[in-house]
Amino acid sequence: MKKIFILITIFLSTSVLSDFDNKCSILITLRFQSNEDAYKDALDKIKQCEKYDILSVTSFLEESISKVYITDIIQNMCMFNHEIVTLLDANTSNLSCVYRGKSRNERKFK
């Protein structure tokens, strides 16, 4: 009986963990475009990721700009019931979270 319980536990834990084994890496860099173009390019790449992928976003823009973009990605693209990790730095900013599969709907205020 104990062996059956252990096998069921292993099976359930691996099936749950397998939903979160894909990583989707996104870079936000300035290169030859404006900050806004770099962000739109990053959003387009995020939309190609699969639901439950681990979003790994790295921004090489100025800290204040990265903070706005990363906050927007968290609010619109990340699942809130899983851990969200951010590091905002003067040189490089990072975000890791679970992708919700689509962007949240924008609220229209009158």
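Colleague: Let me start in the sheet: which residue of E2 is the bridge partner of Cys24?

Modeller: Happy to help; in this predicted model, Cys24 has Leu55 as its bridge partner in E2.

Colleague: What makes E1 and E2 a pair of strands?

Modeller: Two strands pair if DSSP finds at least two bridges between them. E1, residues 23-28, and E2 have six bridges in the parallel sense, so they meet that requirement.

Colleague: And in which sense do E2 and E4 pair?

Modeller: They pair in the antiparallel sense, again over six bridges, with E4 spanning residues 93-98. Ser59, for instance, stands opposite Ser93 in E4.

Colleague: What makes E3 a partner of E4?

Modeller: Three bridges join these strands, which run antiparallel. Since at least two are needed, E3 and E4 count as a pair. Leu87 has Asn94 as its bridge partner in E4.

Colleague: Why is the pairing in the sheet called mixed?

Modeller: The open sheet has four strands in the order E1-E2-E4-E3, with mixed pairing. E1 and E2 pair in the parallel sense, whereas E2 and E4 pair in the antiparallel sense.

Colleague: Why are E1 and E3 said to stand at the edges?

Modeller: Each has a single partner strand, so one side of E1 and one side of E3 (85-87) are left without a neighbour in the sheet. The twist averages 10 degrees from one strand to the next.

Colleague: Which helix packs on this sheet?

Modeller: That is H3, residues 63-77, which touches E1, E2, E3 and E4. The direction of H3 makes about 0 degrees with that of E4.

Colleague: Why is E2 called mostly covered?

Modeller: E2 covers residues 54-59, and five of its six residues are buried. Buried here means under 20% relative accessible area.

Colleague: Then what makes Tyr52 partly exposed?

Modeller: Tyr52 has a relative accessible area of 29%. That value lies between the cut-offs of 20% and 50%, so Tyr52 is partly exposed. Tyr52 is found in the loop between H2 (35-46) and E2, and its phi is near 75 degrees, a positive value in a residue other than glycine.

Colleague: How confident is the predictor, and which element has the lowest mean pLDDT?

Modeller: The mean pLDDT of the protein is 78, and 72% of its residues reach 70 or more. Among the elements, H1 (residues 2-18) has the lowest mean, 43, while E4 has the highest, 93. Over residues 2-18 pLDDT stays under 50, and the model has zero contacts there beyond four places in sequence.

Technical notes
Residues numbered from 1 in each chain as written. Predicted model: local features only at pLDDT ≥ 70, side-chain atom pairs only at ≥ 80, totals over all residues. Heavy atoms only, no water. Buried < 20%, exposed > 50% of the residue type's maximum accessible area, 1.4 Å probe, protein only. pLDDT = per-residue confidence, 0-100. Contact = heavy atoms within 4.5 Å. Axes fitted to C-alpha atoms, helices over the stretch in contact; angles between N-to-C directions.
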